[in-house]
Amino acid sequence: AAIELRLNTLHEHFHWSPAKMNRVITRLRAGGLVKTEGGVVLLTPHGTDILHQFREHNLTVPTRKTAPA
């Protein structure tokens, strides 16, 4: 997984141009969502919070209420 998070190859995994990846990473850094350490892109605590909120509100499957037996 570490190779997939490397700043110099991340664009390949998204199938984006390096320029587009740089623009996106710049915006994510400016928003405090990611940081880079040793050439690897990492979520910040704020980025992790936003990710969890997104998952909770957008990726959860609503539970169906069952009729009483």
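In the predicted model, Ile-50 is partly exposed, because its relative accessibility is 36%, a value that falls between the limits of 20% for buried and 50% for exposed residues. Ile-50 belongs to helix α3, which covers residues 45–58. With respect to the N-terminal helix, the C-alpha atom of Ile-50 is 22 Å from that of His-11, and the two residues are 39 positions apart along the chain.

His-11 itself is part of helix α1, which spans residues 10–14. The side of the chain on which His-11 packs can be read from its contacts: beyond the residues up to four places away in sequence, His-11 touches Trp-16, Ser-17, Pro-18 and Met-21. The relative accessible area of His-11 is 15%, so this residue is buried, the limit for that class being 20%.

Trp-16, one of the residues touched by His-11, also takes part in the one aromatic pair of the structure. The partner is Phe-14; the ring centres are 4.7 Å apart and the planes meet at 35°, so the pair is classed as tilted. The angle exceeds the 30 degrees under which planes count as stacked, and edge-to-face geometry would require over 60. Both rings belong to partly exposed residues: the relative accessibility of Phe-14 is 43%, and that of Trp-16 is 27%. A charged side chain is also placed at the tryptophan, since Lys-20 lies over the face of Trp-16 at 4.5 Å from the ring centre, where the cut-off for such an arrangement is 6 Å.

Between Phe-14 and Trp-16 in the numbering, His-15 occupies the loop that links α1 (10–14) to α2 (18–30). The backbone of His-15 has a positive phi, near 60°, although the residue is not glycine. In contrast to the buried His-11, His-15 is exposed, because its relative accessible area is 73%.

Helix α2 contains 13 residues, and the distance from its first C-alpha to its last is 18 Å, close to the 18 Å expected at 1.5 Å a residue. Just after α2, a positive phi of about 75° is found at Gly-32. A further glycine with positive phi is Gly-38, near 60°, in the hairpin of β1 and β2, where two residues separate the strands.

The two strands of this hairpin, β1 (residues 34–37) and β2 (residues 40–43), run antiparallel and are joined by four bridges. Within this pairing, Thr-36 is opposite Val-41 of β2, and Val-34 has Leu-43 of β2 as its bridge partner. Val-34 is located in strand β1 and is buried, because its relative accessibility is 9%.

The surroundings of Val-34 include residues of both α2 and β2. Apart from neighbours within four places in sequence, Val-34 is in contact with Ile-25, Leu-28, Arg-29, Val-41, Leu-42, Leu-43 and Thr-44. Val-34 also approaches the start of the following helical region in space: its C-alpha is 6.2 Å from that of Gly-47, at a sequence separation of 13 residues.

Thr-44, one of the contacts of Val-34, is situated in the loop between β2 and α3. With a relative accessibility of 12%, Thr-44 is classed as buried. Beyond its neighbours within four places in sequence, Thr-44 is in contact with Gly-32, Leu-33, Val-34 and Lys-35. Gly-32 in this set is the residue with positive phi just after α2.

The segment after α3 includes Arg-64, which is exposed because its relative accessibility is 78%. Arg-64 and Leu-51 are 13 residues apart along the chain, and their C-alpha atoms are separated by 25 Å. The pair Val-34 and Gly-47 has a sequence separation of 13 residues as well, with a C-alpha distance of 6.2 Å.

Regarding the confidence of the prediction, the chain has a mean pLDDT of 90, with 94% of its residues at 70 or more. Confidence is lowest in α1, where the mean is 93, and highest in α2, where it is 97.

Definitions and conventions. Predicted model: local features only at pLDDT ≥ 70, side-chain atom pairs only at ≥ 80, totals over all residues. Heavy atoms only, no water. Phe/Tyr/Trp six-rings, centres within 6.5 Å; stacked < 30°, edge-to-face > 60°. Buried < 20%, exposed > 50% of the residue type's maximum accessible area, 1.4 Å probe, protein only. Lys NZ or Arg CZ within 6 Å of the ring centre and 35° of its normal. pLDDT = per-residue confidence, 0-100. Pairing = 2+ DSSP bridges. Expected span 1.5 Å × (residues − 1). Contact = heavy atoms within 4.5 Å.
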